[in-house]
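The exercises below concern charged side chains and their partners. Work through each task before reading its solution.

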Amino acid sequence: MKSVFVALAFLAIAAAVEDVVQILRQEADVGFDGTYKHAFETSDGIVVEEHGVLKNAGSENAAVEATGSYEFTAPDGIKYALHYVADENGFQPQADFLPTPPPIPAAIQRALDYIASHPQPLPQGKVL
């Protein structure tokens with residue numbers, strides 16, 4: 001009975017070793033001027049890269065702008081890649097697999113254009 005448990009333990013360890021993901025490449029660099037870069041790649045196909053810069057350093061509007069990408073392979077074998085910018089305008093991803101909104105119907109677009117070109121005056125004392 002003990003030998004069965006030992007054999008099962010070795011099989012469990014062997015199965016776990018197959019699932020271990022190795023880091024193939026890893027980089028990290030931080031500059032004194034606020035710039036940085038980090039990247040890594042794993043044995044299961046994950047690739048991540050990002051670099052950032054400090055914009056408007058020393059001012060009230062100082063902000064970090066980061067650009068980067070990541071890639072991975074889904075369990076169904078499809079490879080996905082995403083590129084992004086993150087700055088004062090928020091996180092802006094770009095990828096073929098991201099959902100996109102449907103086009104605005106022509107009648108609604110005409111109504112929006114009309115509203116934009118004919119602003120309504122605000123009642124006295126009202127502020128938006």
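**Exercise 1.** Leaving aside its neighbours within four places in sequence, which residues is Asp87 in contact with? Then determine whether Asp87 has a salt bridge.

Solution.
1. The model is predicted.
2. Asp87 belongs to strand E5, residues 79-87.
3. With the neighbours within four places in sequence set aside, the contacts of Asp87 are Val64, Glu65 and Gln92.
4. With Gln92, Asp87 makes a side-chain to side-chain polar contact of 2.9 Å.
5. The nearest side chain of opposite charge is that of Lys55, at 4.8 Å. A salt bridge requires the nitrogen and the carboxyl oxygen to be within 4 Å. Asp87 is buried and has no salt bridge.

**Exercise 2.** Find the salt bridge that joins Lys55 and Glu65, and state which strands it ties together.

Solution.
1. The N to O distance between the side chains of Glu65 and Lys55 is 3.3 Å, a salt bridge.
2. Lys55 is in strand E3 (residues 47-55) and Glu65 in strand E4 (residues 63-73), so the pair ties together parts 10 residues apart in sequence.
3. Glu65 is partly exposed, at 24% relative accessibility, and Lys55 is partly exposed with a relative accessible area of 24%.

**Exercise 3.** Describe the salt bridges of Arg25 and Lys37.

Solution.
1. Arg25 pairs with Glu41, with closest N and O atoms 3.6 Å apart. Arg25 sits in strand E1 (residues 23-30) and Glu41 in strand E2 (residues 36-42), so this salt bridge ties together parts 16 residues apart in sequence.
2. Lys37 pairs with Glu27 at 3.7 Å. Here Lys37 is in strand E2 and Glu27 in strand E1, 10 residues apart.
3. Arg25, Glu27, Lys37, Glu41 and Glu49 are linked in a salt-bridge network.

Notes:
Residues are numbered from 1 along each chain as its sequence is written. This is a predicted model: local features need pLDDT of at least 70, side-chain atom pairs count only at pLDDT 80 or more; totals for chains, interfaces and linings use all residues. Side-chain values use heavy atoms; hydrogens and water are left out. Helices (H or I, at least four residues) and strands (E, at least two) are DSSP runs, numbered from the N terminus. Buried means under 20% relative accessible area, exposed over 50%, partly exposed in between (1.4 Å probe, protein chains only). Lys and Arg count as positive and Asp and Glu as negative; His and the chain ends are not counted. A polar contact is a pair of N or O atoms within 3.5 Å; within protein, one must be able to donate a hydrogen and the other to accept it, and residues adjacent in sequence count only if both atoms are side-chain atoms. Contact means heavy atoms within 4.5 Å.
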